[in-house]
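User: I should like to learn how to read individual features of a protein model. Please take me through them step by step.

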Amino acid sequence: MKSGKHRVSLLILLCLMVVGLAGCHNKAYSQSIEKGLNAVAENKYQKALTYFDNALAQKPKDEKAQAYRDQTQAYLTTTSELKAGKVKTALTTVDKGVKITNGATSLTNKLKQLKVTVTSDYQEYQQLSDDVKAQLKVKNGNYSADVLKRCAAINWDKKPYLKPLKAKVKQLLTAAKKAKTNMKVSAAEAKRAAALRRKIAAAKNKWNMAALDDVPDWFILALFADDSDVDDAAEELDDEYADQADDNDDYSDRDEQTTDSNDDTNDTDADSADDDEDSNRDDADDSETQSDDDYDDDTDSESDDDDYDTDDQYDDDDDYDDAESLLNPAPVQPSVADRLFASASC
């Protein structure tokens, strides 16, 4: 009798343990579902996926947890495909996600909103693809201004779903640039383009006003059509008009070289002029010195003549005196001693 009661007690204990374990599993499951939905509300889909996996670990065959997980995975896969440029595949994936049954209402609404975005992206992709394909067939250079503006305005980082068309878009823009398409813009647009050029030139990049003047107004305007900043605009210019800036740099270098050459030439000319001036001064000094020497020589020569003439004159006078004395001898005056002797005798 006691053994029977003991068995009953064991059975009751086992039941209580099973119920307790089931309760623990249910609590963990519920918490995982709740936390997963909260993560969805915060747009933390990878975190939500982990919580729904935890819920499935508690209840492997639970249809609700599986549906929540499938919806979350569809959202993550769609965004990943868009970033990879697989817009058509992304449209298929999100469409399947919207059709999942037994899912969470919040996830269904999120997927519907995503489908609207993906559909719009796909339409933009398809329209651009058709337009670019048609423009690449143009042979006379008469390209569509609207298509070129849209192509030039693409921000590839913000619109990764268009990346499969990037090569064709660049091919078209290059062809249009070579054709030197001159698309007319309004006076107001031209004024804004001029202001945008100054804005780009003021930033720290290789673009200056001389290089930007050769970029069409429509392209400058297209660079800022999607509210791109100056750095983004400079990158687009580097992609499409890099040779324009390089050519301008070459011209600047050549101008600087020419200026330096002119400066060197001017310096050389100045030095030559100084040398010439010094040479002229030396020649002048030599000339003056020679003149002085010549003058001195003339003066000396004249002095010699004067001396010669004077000597002759003096010689002539002396000769005259000598002749006069012979013809009319001067009376001899008595010496002082004779006169004293004479006065003493008297």
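Analyst: Let us begin with a single residue. This is a predicted model, and in it Asp131 counts as buried because its relative accessibility is 16%, under the 20% cut-off for that class.

User: With which residue does Asp131 form a salt bridge?

Analyst: The partner is Arg150, and the closest N and O atoms of the pair are 2.5 Å apart. Arg150 belongs to helix H6 (residues 145–152) and Asp131 to helix H5, so the salt bridge ties together parts that are 19 residues apart in sequence. Unlike buried Asp131, Arg150 counts as partly exposed, at 31% relative accessibility.

User: How many salt bridges does the whole structure hold?

Analyst: A search of the whole structure finds eight. One of them joins the side chains of Lys44 and Glu42, with an N to O distance of 3.5 Å. Lys44 is partly exposed at 41% relative accessibility, and Glu42 is partly exposed as well, with a relative accessible area of 48%.

User: Which residues are linked in a network of salt bridges?

Analyst: The network links Asp95, Lys99 and Lys115. Within it, the closest N and O atoms of Lys99 and Asp95 are 3.2 Å apart. Lys99 has a relative accessible area of 59% and is therefore exposed.

User: Charged residues may also gather without such pairing. Where is there a patch of negative charge, and which residues form it?

Analyst: The patch is on the surface, where Asp157, Asp229, Asp231 and Glu235 gather. A residue enters such a patch only if it has no salt bridge and over 30% relative accessible area. Asp231 can serve as the example: its relative accessibility is 54%, so it counts as exposed. Its place is in helix H11, which covers residues 230–327.

User: Let us turn to the backbone. Why would a positive phi deserve attention?

Analyst: A positive value stands out because most residues other than glycine have a negative phi. In this model, Asn43 has a positive phi near 60°. Asn102 is another non-glycine residue with a positive phi, of about 60°.

User: Where are Asn43 and Asn102 found?

Analyst: Asn43 is in the loop between helix H1 (2–41) and helix H2 (45–58). Asn102 is in the loop between H4 and helix H5 (105–135). As for accessibility, Asn43 is partly exposed at 44%, whereas Asn102 is exposed at 51%.

User: Next, I should like to read contacts. Which residues does Thr93 touch once its neighbours within four places in sequence are left aside?

Analyst: Thr93 is in contact with Ala74, Thr77, Thr78 and Glu81. Thr93 lies in helix H4, residues 87–98. With 16% relative accessibility, Thr93 counts as buried.

User: Is Gly97 buried or exposed, and what does it contact beyond four places in sequence?

Analyst: Gly97 counts as buried because its relative accessibility is 1%. Beyond its neighbours within four places, Gly97 contacts Gln71, Ala74 and Leu111. Gly97 has its place in helix H4, as does Thr93. Ala74 appears among the contacts of Gly97 and among those of Thr93.

User: How should separation along the chain be set against separation in space?

Analyst: One compares residue numbers with C-alpha distances. Gly97 and Gln73 are 24 residues apart in sequence, and their C-alpha atoms are 8.4 Å apart in space. For Lys47 and Thr72, 25 residues apart along the chain, the C-alpha separation is 9.8 Å. Lys47 is in helix H2 and counts as partly exposed, at 43% relative accessibility.

User: What share of the contacts with a separation of 6 or more comes from residues 24 or more positions apart?

Analyst: Such residues account for 65% of those contacts in the protein.

User: Finally, how many helices and strands are there, and what share of the residues counts as buried?

Analyst: The protein has twelve helices and zero strands. Read from the N terminus, its elements run α-α-α-α-α-α-α-α-α-α-α-α. Of its 346 residues, 26% count as buried. The accessible surface comes to about 23000 Å², and carbon and sulfur atoms hold 50% of that area.

Notes
Residues are numbered from 1 along each chain as its sequence is written. This is a predicted model: local features need pLDDT of at least 70, side-chain atom pairs count only at pLDDT 80 or more; totals for chains, interfaces and linings use all residues. Side-chain values use heavy atoms; hydrogens and water are left out. Patches are made of residues with over 30% relative accessible area and no salt bridge: like charges are joined within 9 Å, nonpolar side chains (Val, Leu, Ile, Met, Phe, Trp, Tyr) within 5 Å. Accessible areas come from the Shrake-Rupley method with a 1.4 Å probe; for residues, only the protein chains shown count as cover. A salt bridge is a side-chain nitrogen of Lys or Arg within 4 Å of a carboxyl oxygen of Asp or Glu. Lys and Arg count as positive and Asp and Glu as negative; His and the chain ends are not counted. The place of a charge is taken as NZ of Lys, CZ of Arg, CG of Asp or CD of Glu. Helices (H or I, at least four residues) and strands (E, at least two) are DSSP runs, numbered from the N terminus. Buried means under 20% relative accessible area, exposed over 50%, partly exposed in between (1.4 Å probe, protein chains only). Contact means heavy atoms within 4.5 Å.
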